[in-house]
Amino acid sequence: MSCILDPAQSLALRRLLESGLPLLARPYQHLARQIGAEEQQVLAQINQWQQQGLFRRLGLVLNHRALGFTANAMLVLDIPDALIDEVGQRLGREPLVSLCYQRPRRLPQWRYNLFCMVHGRQRERVEAQIAALLEQHLLSDLPYQVLFSTQAFKQCGGRFAPASSGASAHG
Amino acid sequence: MPICAEPYLEMAQALGCSEDQVIACLQRMAGHGRLSRIGPVFEHRRAGASTLAALAVPAERLQQVAERISQYPEVNHNYAREHHYNLWFVLTGPDRPHLQRILDELQADTGLTPLDLPMLTAYRIDLGFALGDAP
């Protein structure tokens, strides 16, 4: 048996992983059968991807809305370019902030270049915490907006693997 | 989660319960919609391309446009938000031209011009949740 998967198998495996592991005692064996490989090959490939940094993490992906985290705020700020890294790093260290990204401005439609996600159970508390955060970091006077979500139409994992593939499913 | 042949058994050993209990608990969580899936969260800069896009949709068309956008397998998050730009979605795909085709298609379909806001720098990516003391 070969230690690595062929390209078609490896693409098929990525697509299966994007859908999630089955709740079976030997989940990787189940995936291996579907791509015509051995369990050990699948584990070796996943370990290799993990070492290469393809994954941010591997584990349970929870639905924060179903868990009561319904106050989902996107805080957007217009930070002078010279300060963006410093401010981004400072806000990124705040426990309240789960994601903190720099994104491009699209003038004149969109002026904001720093995006922070804040999730909570109660809107009023999230609003108060964002206000306190901005004050603490002396950002209250810069242009910013807080966009709360009102409806989730879709929430699932990314689909990166190309759709067309020569891999056939076995079993 | 450990990468091994029997991950639920290892989780059970760490928790001091049986493998069946772990699997039953995860099945319950999935049934209630609290567990979306089990597996890797991909690092999208290595896994392919992604962008955050937004549309300013007239209120009476919001539902219809949102449903159109959710149909794309490349769309993984799609939220209404309180703003002039009221529909926000994340596109992921194998490469940037793939995403551009979808953005162009959406513009032609809806007559609305999407904001295209790919990530430039990540200062924090924390996809885990502290379930206890969040606001």
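Hi everyone. Let me start with contacts in chain A: of those between residues at least 6 apart in sequence, 66% join residues at least 24 apart. Bear in mind as we go that this is a predicted model.

So what is in chain A? Its secondary structure amounts to five helices and five strands, and along the sequence they come as α-α-α-β-β-α-β-β-α-β. The chain has a radius of gyration of 21 Å, whereas the globule rule gives 16 Å for 171 residues, so chain A is more spread out than a compact globule. Its C-alpha atoms fill a box of roughly 65 × 35 × 30 Å along the principal axes, and 32% of its 171 residues count as buried.

Now to the sheet, which I enjoyed tracing. It is open and has nine strands, with antiparallel pairing, in the order β5(B)-β2(B)-β4(B)-β3(B)-β5(A)-β2(A)-β4(A)-β3(A)-β6(B). Which strands sit at the edges? Both belong to chain B: β5, residues 115-117, and β6, residues 121-125, each pairing on one side only. From one strand to the next, the twist averages 25°.

Let's zoom in on the β5(B) end. Strand β2 of chain B, residues 49-55, runs antiparallel to β5(B) and is joined to it by three bridges. There, Leu52(B) stands opposite Leu117(B) of β5(B).

Finally, the helices on the sheet. In chain B, helix α5, residues 96-110, lies across β2, β4 and β5 of that chain, at about 20° to β2(B). In chain A, helix α4, residues 84-92, packs on the sheet and touches β3 and β4 of chain A together with β6 of chain B. The direction of that α4 helix makes about 165° with that of β3(A).

Thanks for listening!

Note on methods
Residues numbered from 1 in each chain as written. Chains lettered and ligands numbered in written order. Predicted model: local features only at pLDDT ≥ 70, side-chain atom pairs only at ≥ 80, totals over all residues. Helix = DSSP H or I, 4+ residues; strand = E, 2+ residues; numbered from the N terminus. Rg over C-alpha atoms; globule rule 2.2 N^0.38 Å. Buried ≥ 20, exposed ≤ 12 C-beta atoms within 10 Å, placed from the backbone. Contact = placed C-beta atoms within 7 Å. Pairing = 2+ DSSP bridges. Axes fitted to C-alpha atoms, helices over the stretch in contact; angles between N-to-C directions.
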